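Please look over the sequence and the model shown here; the report that follows takes up burial, cysteines and helix packing in turn.

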Amino acid sequence: MTVSEKITSVDFDEWAHLISDTYVPVSCENKSNQPVSGFVSSKSLGAMTGAHYNCSVPMRYARRDSHIENDSTDDYQIMLLNTGIARVEQEGRQVELISGDVVFYKASAPFELDFLSEHQTTVIKVPSRIIACGRPEIQHLTAISLAGTSPHGRFGGNAIKDMMRNHSAENGDPLIEETLLSFLYAAVNQRQPTHSGHDKKLHDIKAYIERHLEDTSLSAAQVANVFGVSVRTVNRLFSERATTFNTWLWFKRTERCFNILKENKSNKVIDVIFECGFSDISHFYRLFKKYYSRTPASLHH
């Protein structure tokens, strides 16, 4: 059975209730001054459940201990970010997502899901009992992302889309569940555990990059020299988070431009572009459109 409901310019509380009813009980925060409009549709996939969520504004969802105490949901969430930019944090791990990326996290533990722009997502809910029986080692996987440009990310994203298009409770097939579990298992094997020392080093490197985004000469080689490590080590630290140095650098520069333009609409776009470290205007516009599905000029309306 498929349940769909379109919401247009609704009261924020109505949207929050809808999300908690169809997704999982969470606290919601509208990060803009704009009215919420969106669309939610869900369907049964045998033992699993799938749902589409479209939202017109940046939104933060947080699942706290208080929610878990009053709710017995014990699903594993597999989210495909169709459009937008997001961050997911759980159990001390934080991952950043762009369109096409897939992330895994648990409903049985607190998490924060922070959308930095308007967004569209597809979420598959897999009961923990299925994972425990099929691939018990997957139970330890949390806040792990797969880049949409990676083989596993492309496979996972396509599998999620295929399930939502072609499967339902009526034509449910155990093979569907096994395919998804195999995908998760492959993700576990692909992602080697990151040591705490690596986490600290990557955190420090990211902090340095954010302090120097305006430096057009910023590079992996420059950062490696500052931190006394090899360029290969810098690249490996980012690859452990399913991204690259350059991808993360240009994402942060674009994000800073977005925030400046959003908060101060009197700023000239061209000035902000150069202030944030871009030297190629066309490159900036391509990235902005990719990440935010809109133009910089639309922030001035």
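Lys252 counts as buried because its relative accessibility is 3%, where buried means under 20% relative accessible area, computed with a 1.4 Å probe on protein chains only. Lys252 lies in helix α9, residues 245–263, helices being DSSP runs of H or I with at least four residues, numbered from the N terminus. Apart from neighbours within four places in sequence, Lys252 is in contact (heavy atoms within 4.5 Å) with Arg87, Glu96, Glu210 and Leu213.

This is a predicted model, in which local features need pLDDT of at least 70 and side-chain atom pairs count only at pLDDT 80 or more, while totals for chains, interfaces and linings use all residues. Residues are numbered from 1 along each chain as its sequence is written, and side-chain values use heavy atoms, with hydrogens and water left out.

A search of the whole structure finds 0 disulfides, a disulfide being a pair of cysteine sulfur atoms within 2.5 Å. Two cysteines are set out below.

| Cysteine | Nearest cysteine sulfur | Relative accessibility |
|---|---|---|
| Cys257 | Cys276, 3.5 Å | 0%, buried |
| Cys276 | Cys257, 3.5 Å | 1%, buried |

The axes of helix α7 (residues 220–227) and helix α8 (residues 231–239) come within 8 Å and cross at roughly 105°, the axes being lines fitted to C-alpha atoms over the stretch in contact and the angles running from 0 to 180 degrees between N-to-C directions. Helices α7 and α8 are therefore roughly perpendicular to each other, a term that covers 65 to 115 degrees. In α7, Ala220, Ala221, Val223 and Ala224 meet Val231, Val234 and Asn235 of α8.

Key. Helices (H or I, at least four residues) and strands (E, at least two) are DSSP runs, numbered from the N terminus. Buried means under 20% relative accessible area, exposed over 50%, partly exposed in between (1.4 Å probe, protein chains only). Angles under 35 degrees count as roughly parallel, over 145 as roughly antiparallel, 65 to 115 as roughly perpendicular and the rest as oblique.
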